[in-house]
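Work through the exercises below with the structure open beside you. Each task is followed by a solution in steps.

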Amino acid sequence: MTEDSRYGDDVGVVTVTYFSEDTLERFLETLEKATEREVEVVVADNASVEGALEEITRPRANVRLLTIGENVGYGTAANRGVAELDDRYGWIVVVNPDLEWEPGSLDALLDAAERWPRGGAFGPLIHDLDGTVYPSARLLPSFGRGIGHAAFAKVWPGNPWTRQYRQETGTPVERVAGWLSGSCQLFRREAFDSVSGFDTRYFMYFEDVDLGDRVAKAGWQNVYVPSSSVMHEGGHSTSQASEKMLKAHHDSAYRYLADRHQGLAWKPVLAAVKLGLKLRLKLETR
């Protein structure tokens with residue numbers, strides 16, 4: 001945090017829920033051991049079983065429930081949760097509720113922030129229940145990498161475009177990435193606010209890619225911190241993805257590319273991309 005920052009040094013945690021009653025309690029329990037600092041938690045609830053989240057949050061003095069009342073999407077709900085925290089909170093964690101913190105993992109992210117004064121976003125190593133490490137720090141998608149990854153990832157997982165994009169290069173090391181998985185990030189509040197947080201046009205998917213790109217363009221760094229480790233409970237499997245979710249993914253992918261390739265010269269390319277995404281959706285949902 002810079003000396004002239006308007007923010008204090010407190011830590012706020014925002015988690016976006018959507019029928020997350022089964023995982024939220026474990027999330028909050030493990031968070032208690034993730035840091036030695038006092039944290040304020042905002043549960044931004046898009047939808048839940050009536051009364052279920054109140055039972056979980058009410059006994060905890062440091063947890064407040066923000067009932068949104070409709071599914072406004074991940075980024076919009078996260079922004080509303082952050083807005084609940086006053087200027088004492090100079091560090092903001094935005095995180096999924098189906099995640100379990102490992103002891104000291106949040107403190108490890110805060111320690112990394114001291115090493116990276118231009119770091120705006122910090123992401124931990126994320127692993128699945130079986131220990132498999134998820135590639136959560138990646139390059140920004142380009143047309144070449146994006147098309148190669150989209151075309152071959154399912155049928156040829158080890159293709160060079162996917163390997164380059166996912167940045168799976170052996171032992172994880174602390175480094176700057178193009179973007180970090182939105183399932184768990186620590187933000188320097190100054191950096192988050194400098195780009196107005198998540199772009200609310202993204203209902204779900206690519207909101208983290210877009211944010212990482214804008215954070216970097218604003219002069220901050222996205223830093224991967226594998227010394228911090230968390231477990232995401234099946235959060236990255238798309239094997240059970242509904243047609244609606246797949247369509248949202250493809251719509252967001254197109255929006256991301258279209259925002260960054262404007263002008264007449266790009267229109268034929270974008271038209272081809274839109275057609276390709278439509279065909280891919282048909283193949284994946286048939």
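**Exercise 1. Decide whether Phe198 is buried or exposed, then find its ring partners.**

Solution. The model is a predicted one.

Step 1. Phe198 has a relative accessible area of 3%. Buried means under 20%, so Phe198 is buried.

Step 2. Phe192 forms an aromatic pair with Phe198 that is edge-to-face, with 6.0 Å centre to centre and 75° between the planes. Both Phe192 and Phe198 are buried.

Step 3. A search of the whole structure gives seven aromatic pairs. In one of them, Tyr74 and Phe198 meet edge-to-face, at 6.2 Å centre to centre and 75° between the planes. Tyr74 lies in helix α3 (residues 74-83) and Phe198 in the loop between α7 (189-194) and α8 (207-217), so this pair ties together parts that are 124 residues apart in sequence.

Step 4. Tyr74 has a relative accessible area of 12% and is buried.

Step 5. Tyr74, Phe187, Phe192 and Phe198 form one aromatic cluster.

**Exercise 2. State how far helix α8 is covered, and by what.**

Solution.

Step 1. Nine of the eleven residues of α8 are buried, so the helix is mostly covered.

Step 2. The buried residues of α8 include Glu207, Asp208, Asp210, Asp213 and Arg214, and also Val209, Leu211, Gly212 and Val215.

Step 3. Among the elements that cover these buried residues are α3, α7 and α9 (243-260). The strands β10 (179-180), β11 (184-188) and β12 (221-232) also take part in the cover.

Step 4. Just after α8, Gly219 takes a positive phi of about 95°.

**Exercise 3. Sort three salt bridges by where their partners lie in the chain.**

Solution. The count of salt bridges comes to 15. Three of them are taken in turn.

Step 1. Arg64 forms a salt bridge with Glu40, and their closest N and O atoms are 3.1 Å apart. Arg64 is in strand β3 (residues 63-67) and Glu40 in strand β2 (residues 39-47), 24 residues apart, and the pair links distant parts of the chain. Arg64 counts as partly exposed at 27% relative accessibility, while Glu40 counts as buried at 16%.

Step 2. Asp193 forms a salt bridge with Arg189, with the closest N and O atoms 3.7 Å apart. Because Asp193 and Arg189 are four residues apart in helix α7, about one helical turn separates them. Asp193 is partly exposed, with a relative accessible area of 31%, whereas Arg189 is buried, with 5%.

Step 3. Arg201 forms a salt bridge with Asp259, the closest N and O atoms being 2.5 Å apart. Arg201 lies in the loop between α7 and α8 and Asp259 in helix α9, so the pair ties together parts that are 58 residues apart in sequence. Arg201 counts as partly exposed at 42% relative accessibility, and Asp259 is partly exposed with a relative accessible area of 26%.

Step 4. Salt bridges that share partners join Asp210, Asp213, Arg214, Lys217 and Arg260 into one network.

**Exercise 4. Describe the surroundings of Glu21, given that Glu21 is buried.**

Solution.

Step 1. Glu21 lies in helix α1 (residues 21-31).

Step 2. Glu21 has no salt bridge. The nearest side chain of opposite charge is that of Arg58, 13 Å away. A salt bridge needs the nitrogen and the oxygen within 4 Å, so Arg58 does not serve as a partner at this distance.

Step 3. A polar atom of the Glu21 side chain lies 2.6 Å from the backbone nitrogen of Val49.

Step 4. Leaving aside residues up to four places away in sequence, Glu21 touches Ser48, Val49, Ala52, Leu53 and Ile56.

**Exercise 5. Locate two further positive side chains, Arg118 and Lys278.**

Solution.

Step 1. Arg118 lies over the face of Trp220, at 4.0 Å from the ring centre.

Step 2. Lys278 is in helix α10 (residues 267-285) and is exposed, with a relative accessible area of 51%.

Step 3. Lys278 and Lys247 are 31 residues apart in sequence, and their C-alpha atoms are 8.6 Å apart in space.

**Exercise 6. Give the overall figures for the protein.**

Solution.

Step 1. The secondary structure comes to ten helices and twelve strands.

Step 2. Of the 286 residues, 51% count as buried.

Step 3. Among contacts with a separation of 6 or more, 78% are between residues 24 or more positions apart.

How values were computed:
Residues are numbered from 1 along each chain as its sequence is written. This is a predicted model: local features need pLDDT of at least 70, side-chain atom pairs count only at pLDDT 80 or more; totals for chains, interfaces and linings use all residues. Side-chain values use heavy atoms; hydrogens and water are left out. Helices (H or I, at least four residues) and strands (E, at least two) are DSSP runs, numbered from the N terminus. Buried means under 20% relative accessible area, exposed over 50%, partly exposed in between (1.4 Å probe, protein chains only). Lys and Arg count as positive and Asp and Glu as negative; His and the chain ends are not counted. A polar contact is a pair of N or O atoms within 3.5 Å; within protein, one must be able to donate a hydrogen and the other to accept it, and residues adjacent in sequence count only if both atoms are side-chain atoms. Contact means heavy atoms within 4.5 Å. Rings of Phe, Tyr and Trp (its six-membered ring) pair if their centres lie within 6.5 Å; planes under 30 degrees apart count as stacked, over 60 as edge-to-face and the rest as tilted. A charge sits over a ring if NZ of Lys or CZ of Arg is within 6 Å of the ring centre and within 35 degrees of the ring normal.
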